[in-house]
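Please look at the model below with its two ligands in view, and ask where each of them sits and which residues surround it.

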Amino acid sequence: MAVVEDNQENMEICKRFCGTCPTYQTNRMKESPPHALFCARGKSAIADTAENKGCNCFQCDVFKKYNLKGGFFCLHGTEGSK
Ligand code: SF4
Ligand code: SF4
């Protein structure tokens with residue numbers, strides 16, 4: 001899997017997809033590090049206790065641009081998605 005750059009452009013795109021994701025909203029992931037852009041930064045600090053409500057990554061332009069696989073990066077990080 002390609003390495004996603006942790007930059008402002010990717011963050012702005014992520015906000016549109018993670019930001020509207022039921023898993024993100026239900027578990028208030030914005031409030032815990034790394035807050036978003038999990039495909040670059042790794043899983044959420046609350047991943048172990050978070051409820052899985054689905055994933056918007058598959059529609060995301062970052063996902064497509066970097067040819068990512070797996071999704072659910074907030075819960076599982078980027079390992080196992082290669
Ligand atoms: S990584 Fe996927 S499941 Fe997690 S908040 Fe983003 S869109 Fe939702
Ligand atoms: S692939 Fe998922 S975690 Fe990565 S920028 Fe898109 S919505 Fe955010």
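The paragraphs that follow take the enclosed spaces and their ligands in turn.

This is a predicted model, in which local features need pLDDT of at least 70 and side-chain atom pairs count only at pLDDT 80 or more, while totals for chains, interfaces and linings use all residues. Residues are numbered from 1 along each chain as written, chains are lettered from A and ligands numbered from 1 in the order written, and side-chain values use heavy atoms, without hydrogens or water.

There are two cavities of 30 Å³ or more, a cavity being a set of points on a 1 Å grid over the protein atoms alone where a 1.4 Å probe fits but cannot get out, with lining residues having an atom within 4 Å of a point. The largest cavity has a volume of about 90 Å³, volume being the space filled by probe spheres set on grid points joined across faces, edges and corners. Of its 14 lining residues, Cys18, Cys21, Cys55, Cys57 and Cys74 are the closest to the centre.

Ligand 1 takes up this largest cavity, where more than half of a molecule's atoms must lie within 2 Å of the grid points for it to count as sitting there. Among the residues around ligand 1 (a heavy atom within 4 Å) are Thr23, Tyr24, Gly54 and Asn56.

The second largest cavity holds about 60 Å³ of space, and ligand 2 occupies it. Its lining includes Cys14, Leu37, Cys39, Cys60 and Val62, and Phe17 is one of the residues around ligand 2.

Technical notes: On a 1 Å grid over the protein atoms alone, a cavity is a set of points where a 1.4 Å probe fits but cannot get out, and a pocket is an open set with protein on both sides within 12 Å along at least five of seven lines; lining residues have an atom within 4 Å of a point.
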